[in-house]
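Please work through the exercises below with the sequence and the coordinates open beside you. Each task is followed by a solution that proceeds step by step.

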Amino acid sequence: MSLWWAKKEQLDKHQLKLIEKMPLGESSLILGPPGSGKTNVLLRRAQFVRTQEMPNVLVLTFTRALTEFIKTGCLDAQAREIFPRSFVMTIESWLRSLYSQHREDLPEEKEKLIERKKLLADGARAFQERGYLPKYDALFVDEAQDLVKEEIELLAQWSPVLCFVGDSRQKIFKESDGLEALKVTIPSLHEYVLPFHYRLSPVICRMADRILASQAGSSLEESSHYEGPKPGRVRATGPLSRSAQLESVAANLRDQVRVYADRILQGDRLGVVVARAADRDVVLNYLEQDEKLRGKSKIVRAREINESDYDPTLDVETPICIITVAGCKGLEFRALHWPFCEELSYYHDNEVYYTVVTRAKTSLDLYYATELPPALARGYAETGGDIWETA
């Protein structure tokens, strides 16, 4: 089961209207806070459009992890396909497929993601004009706030109908051109706003609201319709050595695998997020040494070029997802753990902290060796303690 394919009775009137009532030939930008159902609306809209004699569509995501999460819901409980899994891919995978289908070599690899995105999109500009492939009936694009201008222009070449979803507060790449570039490049976009969200517990909302102010007039806490497990929790643990942080992570995960077992069967996941890619292996190796957690964790990342032995798909047997800060975009976890959370803080702006915090639905645990970064410290303080207590 996938939490990204909500049933009709689980959607509100605003979401249903965007799925079924928007004009078929209209290009749109759907905005909303974390947990407002933007990705669900995008997927169900794509599914609806395919039933309206517009079968040639694609759903484009930003990260491989989100792509795999979405694909888990492309089959129903009877293993019948409700949406072609091959129609869900990352933007980079789509760009690479354009080069392959037009028998062109890929541009030289760039180490920086934004440079690679720009180069790939710019090099593909002339492909559509060749007339080899037909235009898409519609393209559906998630996480639009992190698009670059070259990608936006290319998307506009390949379909007359574009549907974007996004949230400027969840922009995690400073160099991306964002939603303003989208509006300038495609001035015909019709803008819609999803006013409510359903994912975040009030305590997570309060922390996120202290990191970034709402641009929609109401705070996350005010617009929350959370119905999950209660109470929610935010907790910071430290200062601790790296090994002590991992020990604390493992202890909490042991409890959560048991407490949230029913929800895991329904599609929920537990997350461990780290700043450095190399620390994914550090976390995995530690958890694999724990008898109660062995075999329950998986690193979620993109498959490397020419790599055949890494399986990025997700299943209920490995509910603990280990992922980087950059890779957690668009995902959600019933409980999220962030060890070593002060590391690489000089690369993290308020939008990054906001994005990571709002990946947690019910529980968020932060672990640090020295001190919490300012953005996290202003969002969290331990309550109920004695301020006069001395060591």
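The exercises that follow concern a predicted model, and they treat its sheet, its cavities and its salt bridges in turn.

**Exercise 1. Determine the strand order of the open sheet and identify its edge strands.**

Solution. Begin with the pairing pattern: six strands form an open sheet in the order β3-β2-β4-β5-β1-β6, and the pairing is parallel. Next, look for strands that pair on one side only, which are β3 (88-90) and β6 (190-193), the edge strands of the sheet. Finally, consider the geometry between strands, where the twist averages 20° from one strand to the next.

**Exercise 2. Describe the pairing of β1 with β5, and then locate the helix that lies across β1, β5 and β6.**

Solution. Strand β1, residues 28-31, pairs with strand β5, residues 162-166, in the parallel sense, and the pairing runs over four bridges. To follow one residue of this pairing, take Leu29, whose bridge partner in β5 is Phe164. The helix sought is α7 (residues 178-185), which lies across β1, β5 and β6 and runs at about 155° to β1.

**Exercise 3. Find the cavities of 30 Å³ or more, and describe the lining of each by residue class.**

Solution. The structure contains two cavities that reach this volume. The largest cavity has a volume of about 60 Å³, and the residues that line it include Met22, Arg45, Ala138, Phe140 and Cys163. Two elements, α2 (38-50) and β4 (138-141), each give two or more residues to this lining. Sorted by class, the lining of the largest cavity comprises eight nonpolar residues, one polar residue and two charged residues.

The second largest cavity has a volume of about 50 Å³, and among the residues lining it are Arg96, Glu108, Glu109, Lys110 and Arg116. Helix α5 (residues 113-123) gives the most to this lining, with three residues. By class, the lining of the second largest cavity divides into four nonpolar and five charged residues, with no polar residue.

**Exercise 4. Count the salt bridges, and explain what the one between Glu153 and Arg125 ties together.**

Solution. The count for the structure is 27 salt bridges. In the one examined here, Glu153 is bridged to Arg125, and the closest N and O atoms are 2.5 Å apart. Now place both residues in the fold: Glu153 lies in helix α6 (residues 149-158), whereas Arg125 lies in the loop between α5 and β4, so the pair ties together parts that are 28 residues apart in sequence.

Definitions and conventions:
Residues are numbered from 1 along each chain as its sequence is written. This is a predicted model: local features need pLDDT of at least 70, side-chain atom pairs count only at pLDDT 80 or more; totals for chains, interfaces and linings use all residues. Side-chain values use heavy atoms; hydrogens and water are left out. On a 1 Å grid over the protein atoms alone, a cavity is a set of points where a 1.4 Å probe fits but cannot get out, and a pocket is an open set with protein on both sides within 12 Å along at least five of seven lines; lining residues have an atom within 4 Å of a point. Grid points are joined across faces, edges and corners, and a volume is the space filled by probe spheres set on the points. Ala, Val, Leu, Ile, Met, Phe, Trp, Tyr, Cys and Pro count as nonpolar, Asp, Glu, Lys and Arg as charged, and the others, Gly among them, as polar. Two strands pair if DSSP finds at least two bridges between them. Axes are lines fitted to C-alpha atoms, for helices over the stretch in contact, and angles run from 0 to 180 degrees between N-to-C directions. Contact means heavy atoms within 4.5 Å. A salt bridge is a side-chain nitrogen of Lys or Arg within 4 Å of a carboxyl oxygen of Asp or Glu.
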